[in-house]
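Let's take a friendly walk through this model, pausing at some of its charged pairs and at a few single residues. Please keep the sequence and the 3D view open as you read.

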Amino acid sequence: MRHIISVLLENEAGALSRVAGLFSARGYNIESLIVAPTEDPSLSRMTLVTTGNEEIVEQIKKQLNKLIDVVKLLDLSEGPHIERELMMVKARAMGPGREELKRLADIFRANIIDVTDTSYVIELTGSSRKLDAFLRATPKELLVEVVRSGPSGIARGPKGLGL
């Protein structure tokens, strides 16, 4: 099962390395990883996506909580949450395919953020399923490059990582 784990950790040199080391030492895979400062400059929020059965994920959470840099941890998959991912797609945009790409971007509520004579860079935000659907709908021969952030998430309601 896929889990989105949100971690509040000290904004210190080596904190990310210690988290990644924990995963690699135990043979666990990190599917995506996002780290950014919070409103408190001494803390960072890390959002990582991993897969595994309940026992494996419980072990991961216990090991993460033992790290000195970790202030608080929340498995967003355990309750209602909102998740979004950012994707930028560079696509060939010439001739009749140019208008078709514009229509496709409109259908998916994407933004064309860069235009040249031969290409568009399209920005799309949403669930991973939405981004996957956009890629399936785009003719493969038009795709030049795809960059994805990986999911970021926040719990709904009063539950959260805030201190």
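Our starting point is Glu-83, a buried residue with a relative accessible area of 16%. (Buried means under 20% relative accessible area, exposed means over 50%, and partly exposed lies in between, with a 1.4 Å probe and protein chains only.) The model is a predicted one, in which local features need pLDDT of at least 70 and side-chain atom pairs count only at pLDDT 80 or more, while totals for chains, interfaces and linings use all residues. Residues are numbered from 1 along each chain as its sequence is written, and side-chain values use heavy atoms, with hydrogens and water left out.

What does the side chain of Glu-83 meet in a salt bridge? The partner is Arg-2, at 2.8 Å from N to O. (A salt bridge is a side-chain nitrogen of Lys or Arg within 4 Å of a carboxyl oxygen of Asp or Glu.) Because Arg-2 sits in strand β1 (residues 2-10) and Glu-83 in strand β5 (residues 81-92), this pair ties together parts that are 81 residues apart in sequence. (Helices and strands are DSSP runs, H or I over at least four residues for helices and E over at least two for strands, numbered from the N terminus.) Unlike the buried Glu-83, Arg-2 is partly exposed, at 34% relative accessible area.

With those two strands located, we can step back to the overall picture. The protein comes to four helices and nine strands, and along the sequence they follow the pattern β-α-β-β-α-β-β-α-β-β-α-β-β. The C-alpha atoms fill a box of roughly 55 × 35 × 35 Å along the principal axes. There are 163 residues in the protein, and 37% of them count as buried. Consider next the contacts (heavy atoms within 4.5 Å) between residues at least 6 apart in sequence: 72% of these join residues at least 24 apart.

Back to the charged pairs, since the structure holds 10 salt bridges. One of them joins Asp-69 and Arg-18, whose closest N and O atoms are 2.5 Å apart. Here too the pair links distant parts of the chain, as Asp-69 is in the loop between α2 (54-66) and β4 (70-75), Arg-18 is in helix α1 (residues 15-25), and 51 residues separate them. Is Asp-69 buried or exposed? Asp-69 counts as buried, at 7% relative accessibility, whereas Arg-18 is partly exposed at 36%. Apart from its neighbours within four places in sequence, Asp-69 is in contact with Leu-8, Leu-9, Glu-10, Ala-15 and, once again, Arg-18.

Further along the chain, Asp-132 and Arg-148 form a salt bridge, with 2.7 Å between the closest N and O atoms. Asp-132 lies in helix α4 (residues 128-137) and Arg-148 in strand β8 (residues 143-148), so to speak of distant parts of the chain here is to speak of a pair 16 residues apart. Asp-132 is partly exposed at a relative accessible area of 31%, and Arg-148 is partly exposed at 31%. There is also a network of salt bridges to find in the view, linking Glu-58, Lys-61, Asp-75 and Glu-78.

Two single residues round off the tour. Ala-105 belongs to helix α3 (residues 96-107) and counts as buried, at 1% relative accessibility. Which residues does Ala-105 touch, not counting those up to four places away in sequence? They are Ala-110, Ile-112, Ile-122 and Phe-134. Pro-37, by contrast, is 68 residues from Ala-105 in sequence and 31 Å from it in space, C-alpha to C-alpha.

Arg-156 is found in the segment after β9 (152-155), and this residue is exposed, with a relative accessible area of 53%. Leaving aside neighbours within four places in sequence, Arg-156 is in contact with Pro-80, His-81 and Ile-82. Phe-23 and Arg-156 are 133 residues apart in sequence, and their C-alpha atoms are 27 Å apart in space.
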